[in-house]
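Hi everyone, thanks for making time. I've got one structure to walk you through today, so let me put it up on the screen.

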Amino acid sequence: MPTYQDPFSRCKLCGQDGSTPTYRLDKGEIYRCPHCDFHFLNQLDGNVDAEDAGLSSAGRRYIESRVAEGEHLHPLRLRLVQQHCSIDKAMTLDIGAGLGQFVRLMQQQGATALGIEPSTLRRAYALEAYGLELDHRLADGGYWQNGHSQSFDLITLWDVIEHVDDPRSTLAAAATLLKPGGLICLDTPDREVFSYRLSQIVNRLSSGTLPLFFSQFYSTVRYGHKQIFTRRQITELLQDCGLVPAPVHLDGPAKRAFSGKIVLTARKPTPHSPLPTPHSPLPTPHSPLPTPHSLSPLTSNARYRGLPASQQFCAIIFFNL
Ligand SMILES: [Zn+2]
C-alpha cells in the first residue's frame, strides 16, 4: 500500500525533507524546516492563468484601495534604487509589478522598464490607468529564461518574494536575467520583528487556537504571503543564486516606511569581480541585549531567548496579566 508523502515536508528553502506543520492559522498551517528554520505556508497558487478574469467593479474597488500604499512607497523605493545605480537608459524589470506604479516611475526616469504581473486584475488596472502592458509570464518560465538572459541592469522585487510559490526558483531566474554587474533590489517582511515572535509563542501556548498576528504575515488567498524570511535566510538565498547581497542603510521617511521589512540590494558579479563567499555572516540587527538581573528567572525560559530585553519584558508582562 503506498504511503502518503506530505508535499510540504520538503523545505522550499534548503530542499531537505522533514518540515512539519508547527503553527496553525484559521485556514492553513505554517510549516517549519528543522534544518534551516524556514517558515512557509501549506499553500501554492499553482496555475496562475486559471483565475481572476478582468477588472470587475468589486475588483476595481479592491485595487483602488491599494493604490495609495504604492503611491507612498514607490517614490522611496525609487530613491533607494537611485542611490545604487543609474536609471537613465537602463533596462529594468519589475517582477511582481502589481498595478504598474513602479514601472511607470522608472519609465519617467528614462529607463526602458518592463514588468511581470501574474494577476489579470492588476494587469487590467495597469493598462487602464497608465497604459502599461505588463507581462503575465513568470520570470522562471521559458519566455524570459530562454530569450532574456543577461538582459537587465536592474531587477526589482518589491513585496514579492514572500508571495511566490518557489522563492529559490524566482531569485535564481532573476539572477539569470541580470547582466553581469547588474543589481537586484527587494523588500520583504522581516520575520524577526516582535509581533511575529510573539505570535509564535502565543500560537504554541494556545495549541494553535490563537493565530494572533500571524494572519497579518500569511494569507491563504491567491497571491497571498506564503513564506516570511529572516534576514539571514534571504541573504543566504541571494548568495546561493550567485549574487552579492548588501544591507541598505535607511534613514528619515524611508526608515519609517520600511519599518518591519528587510530591504536588500544584491549585485551580480562581473567576470573580473571576486566571487561571493558563500554564507558570509551579516551583522544581526536584532542581537539580544543584556538581560536585566531582575528578569533573569523568567527570561531564562527558552520561549523568550533571542528576543531583545525590552521585548522579553513585554512578553513576560503579556503572559502574566
Ligand atoms: Zn530548510
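I'll start with the overall picture, then go through a helix, a sheet, the core and finally the parts to be careful with.

First thing to say: this is a predicted model. The protein has 321 residues, and 36% of them are buried. In secondary structure, we're looking at 11 helices and 10 strands. If you take the contacts with a separation of 6 or more, 61% of them are between residues 24 or more positions apart.

Okay, on to helix α1. It covers residues 57–82, so to speak a run of 26 residues, and from the first C-alpha to the last it reaches 37 Å. That's close to the 38 Å expected at 1.5 Å a residue. There is a kink in α1, though, of about 30 degrees, and Gly-70 is at its centre.

Which residues of α1 are buried? Those are Ile-63, His-74, Arg-77 and Val-81. As for what the buried residues of α1 pack against, there are two helices, α2 (101–108) and α3 (120–130), plus two strands, β6 (152–158) and β7 (178–189).

Now the sheet. Here we have an open sheet of four strands, in the order β1-β2-β3-β8, and the pairing is antiparallel. At the edges sit β1 (20–24) and β8 (227–228), each of which pairs on one side only. Let's zoom in on β1 for a second: four bridges join β1 to β2, residues 29–32, and the two run antiparallel. To find that on your screen, look for Arg-24, whose bridge partner in β2 is Glu-29.

Next, the inside. The largest nonpolar core has 64 residues. Among those with the most contacts inside that core are Ile-95, Ala-139, Leu-238 and Ile-184. So what does Ile-184 touch, beyond four places in sequence? Ile-184 is in contact with Ile-155, Ala-174, Leu-178, Leu-243, Thr-265 and Ala-266.

Last bit: confidence. The average pLDDT for the protein is 85, with 82% of the residues scoring at least 70. Over residues 282–307, however, the pLDDT is below 50, and that stretch still has 29 contacts in the model beyond near neighbours in sequence. Residues 312–321 also stay under 50, and there the model has 11 contacts beyond four places in sequence. Where pLDDT is low, the predicted coordinates shouldn't be read in detail.

That's my tour, happy to take questions.

Conventions
Residues are numbered from 1 along each chain as its sequence is written. This is a predicted model: local features need pLDDT of at least 70, side-chain atom pairs count only at pLDDT 80 or more; totals for chains, interfaces and linings use all residues. The expected span of a helix is 1.5 Å times one less than its number of residues. The bend at a residue is the angle between axes fitted to the seven residues ending there and the seven starting there. A residue is buried if 20 or more other C-beta atoms lie within 10 Å of its own, exposed if 12 or fewer, and partly exposed in between; C-beta atoms are placed from the backbone. Two residues are in contact if their C-beta atoms, placed from the backbone, lie within 7 Å. Two strands pair if DSSP finds at least two bridges between them. A nonpolar core is a set of buried Ala, Val, Leu, Ile, Met, Phe, Trp, Tyr and Cys residues joined through C-beta atoms within 7 Å. pLDDT is the predictor's confidence in each residue, from 0 to 100.
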